[in-house]
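Reader: Got a minute to walk me through this one? I'd like to go by contacts, then pockets, then odd backbone spots.

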Amino acid sequence: MATLRLKKDTPLHRKLASMIQSRVMLAKKDRTEQESIWRKAEERTLAYIPESDVDAVRRNKRDNSGKQSYTTIMLPYSYALLMSAHTYWTSVFFGRTPIHQYSGRHGETEMQVQAIEALVDYQVEVGRLLGPYYVWLYDAGKYGCGILGEYWDVEKIAYGQLAEMPDPVTGQMGLFQATVELQGYAGNKAYNVNPFDFWRDPRVSMKNFQQGEFCFVLKRMLWNDVMRRAGTYYTNLDELKKHATTRHPDDNSSQLKRPDWGTASLNADHDPEGKNPDAKHPAAVFAFEFYVDLVPRDWGVGPESFPQKWCFTITEDFGLIIGASPLGFMHAKFPFSIMESEVEGYSAESRGIPEIVAPLQNTMDWLVNSHFYNVRAALNNQFIVDPSKLVLKDVEAGEPGFIWRLRPEAFGTDIRTMFHQVPVTDVTRSNMQDLQQMFNLGERTLGINDQIMGVLNTGGRKTATEVRTAAGFGTNRLKTNTEYMSAMGFSPHSQKIVQNSQQFYDAEMKLKIVGDLAMAAGPGFLSVTPDTIMGFFNFVPVDGTLPVDRTAQANLWKDMMSNLRMMPPQVAMGFDWVKIFTWVGSLAGLKNINQFKVQVMPPGMDMTNQVGAGNVIPMPGAVGPPPGANSSTVSGNNAMAPQPPAY
């Protein structure tokens, strides 16, 4: 992507830096409260509770003296609900093949649909998109919003090697260093964006950020990452070498340990005497990647008066712009896709699961800890003693199997008059029953019941229908959220992937056919060219149902096929039962059923040509067919040939 050459301290550079800074300050102005909510969500997910002074004293006694003590705990309830919902979402979104499924919008052929699905599936596998997808869904449940960045990447692979070759001048053999450059993967890529590092136009909600004027992310880049794009996008690198871009430690990290970028040194190379100015450059660059929908004439970057998307990269202190270019994407959208798990249309940010269940989480923690405090008080006997008759040092020791010494003035007196044990009643015995009620309330709040968590409810024998019905009620609650996440996040993201491929894909590759047509497509590969993926395609939305009941479907098909002889002829002859058998086998989990399918050659096909094409592999020790032999001759010769022993 080409970039404008903006020299530092020029009027245009100062104007752009000022306009970018004003918008960044606007977005950062009132987000402290939301960042506090995200930080608490991280701590609840980690089941972290701040350590009090009393807990610190107990921990020191336990670590230093080995004395058993107790501490305040937080139940990992928020984490359990989050992971159960995440497991459901990933099973729904990633349980179908391929993940991105399309249909033609304006009469596109089935071959075009196969081509775009094969290309996108190739990008998901080779471009390693599946990992960011999992984190995307996890962030949507944890923070209330998951942010995924997209870009088209053309990898350049360069490696060096020492090779022995003749000297071009003397002709003598010598050892020379050679560098080999290759083009690697070219296609869509995605990366996860930490919500703490993403800002939008505060005049629109998070879900409607595409309608805002701008959005930006904080980029933390190693110097090598900058150099890889030095010739195409990043400029002013000489100024950047002298520009301090170190960043203070992140205050929003809560208890979740993140990579330590705050200690990045200004000088990456070792130059203690300062004699090599080229050796000095920042170890890391902290910059804002600022995307804005601007009028080029108003910003001074062009004569156009119609808004268009631009990208600026500016250091964190707004002192140096190192990149400025039109965004250049045909979809004309900000290169991010945001997914929210809560169906909410008007709030600035949607809530995540830890925030929704925070009152229940706090109540559960209180019930458990108060019960343990009361049990602890019952275990530690409490006495009222007469200090004039008992040695208080022995009383305060508090060790099991105690021995209390009497003072001389207490000799011969009744021991029962010297101390009194205070009776302790466990008034929190019902807390554990109340805790179960809190669990049930949490299930009703989010629709995540024991069956979705993978736990069968106790209380007698359960039939398969009861278990399936209980799980079905929970999935119906999660189905709506899943369909909303598909429409809000996956559908726009999938459309951008298609449009990026149509814009930048310029190769020709043989790719594997994916989807339901893979079994009936004959050869398993097709040639994908830029022409075959042109057209308009709709993303087939996720229906929100779990693909876990395939065993029941397979059993239903098994019963139908067992009664095939009793079906009317119109039904028996109206379907391809061979393909149905193959599909039922794959439905039951058989991945390699096509390996056992008999390949029937058309009459008159030459076996020799098939061997030459690599479609037929000769058996060991078998004699090849005579020239001009047809398939029937080959079959007859094979039948008369001696058979190998059956061992």
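Author: Sure. One caution: this is a predicted model. Start with a salt bridge: the side chains of Lys 479 and Glu 483 meet at 2.5 Å, N to O.

Reader: Where do Lys 479 and Glu 483 lie, and how many residues apart?

Author: Both sit in helix H15. They are four residues apart, about one turn of the helix.

Reader: Is Lys 479 buried or exposed? And Glu 483?

Author: In between. Lys 479 has 24% relative accessibility, so it counts as partly exposed. Glu 483 is at 28%, so that residue is partly exposed too. The cut-offs are under 20% for buried and over 50% for exposed.

Reader: Which residues do shared salt-bridge partners join into one network?

Author: Arg 23, Asp 201, Arg 203 and Glu 213. They form one network through salt bridges that share partners.

Reader: How many salt bridges are there by this rule?

Author: The count comes to 16. One of them joins Glu 150 and Lys 496, with the closest N and O atoms 3.4 Å apart.

Reader: Where are Glu 150 and Lys 496 in the chain?

Author: In distant parts of it. Glu 150 is in strand E2, and Lys 496 is in helix H15, which covers residues 464-504. They are 346 residues apart.

Reader: Are Glu 150 and Lys 496 buried or exposed?

Author: Glu 150 is buried, and Lys 496 is buried as well.

Reader: What about Asp 414, which residue does it form a salt bridge with?

Author: Arg 416. The closest N and O atoms of that pair are 3.5 Å apart. Asp 414 is partly exposed, because its relative accessibility is 36%. Arg 416 is at 69%, so it counts as exposed.

Reader: Okay, pockets. What volume does the second largest pocket have?

Author: About 1400 Å³. It is lined by 31 residues. The closest to its centre are Tyr 151, Trp 152, Asp 153, Val 154 and Arg 229.

Reader: Which elements give two or more residues to that pocket's lining?

Author: Strand E2 (146-166), strand E3 (173-193), strand E5 (214-222), helix H7 (223-228) and strand E6 (284-294). The largest share comes from E2, with eight residues.

Reader: How many of the second largest pocket's lining residues are nonpolar, polar and charged?

Author: The lining has 16 nonpolar residues, twelve charged and three polar.

Reader: Stay with those strands. Where does Met 165 lie?

Author: In strand E2. At 32% relative accessibility, Met 165 is partly exposed. Its C-alpha is separated by 6.5 Å from that of Leu 175, and the two residues are ten apart along the chain.

Reader: And Cys 215, buried or exposed?

Author: Buried, because its relative accessible area is 0%. Cys 215 lies in strand E5. Its C-alpha is 5.4 Å from that of Tyr 291, with their positions 76 residues apart in sequence.

Reader: Switching to the surface. Which residues make the nonpolar patch of about 220 Å²?

Author: Leu 130, Tyr 134 and Val 135. Tyr 134 is in helix H6, residues 130-142.

Reader: Why does Tyr 134 get into that patch?

Author: Its relative accessible area is 36%, which makes it partly exposed. Patch residues need over 30% and no salt bridge.

Reader: Now the backbone. Which peptide bond is cis, with omega near -5°?

Author: The one from Thr 97 to Pro 98. Pro 98 is in the loop between helix H4 (77-94) and strand E1 (102-104).

Reader: What is phi at Arg 128?

Author: Positive, about 55°, although Arg 128 is not a glycine. The residue lies in the loop between helix H5 (110-126) and H6. Arg 128 is exposed, because its relative accessible area is 54%.

Reader: And what about phi of Phe 318?

Author: Near 60°, again a positive value in a residue other than glycine. Phe 318 is in the loop between strand E7 (308-315) and strand E8 (321-326).

Reader: Is Phe 318 buried or exposed?

Author: Buried. Its relative accessible area is 12%, and the cut-off for buried is under 20%.

Reader: Great, that covers my list.

How values were computed: Residues numbered from 1 in each chain as written. Predicted model: local features only at pLDDT ≥ 70, side-chain atom pairs only at ≥ 80, totals over all residues. Heavy atoms only, no water. 1 Å grid on protein atoms, 1.4 Å probe; cavity = no way out; pocket = protein on both sides within 12 Å on 5 of 7 lines; lining within 4 Å. Points joined across faces, edges and corners; volume = space filled by probe spheres on them. Nonpolar A, V, L, I, M, F, W, Y, C, P; charged D, E, K, R; others polar. Patch = residues over 30% accessible without salt bridge, like charges linked within 9 Å, V, L, I, M, F, W, Y side chains within 5 Å. Areas by Shrake-Rupley, 256 points an atom, 1.4 Å probe, with all protein chains shown as cover. Salt bridge = Lys/Arg side-chain N within 4 Å of Asp/Glu carboxyl O. Buried < 20%, exposed > 50% of the residue type's maximum accessible area, 1.4 Å probe, protein only.
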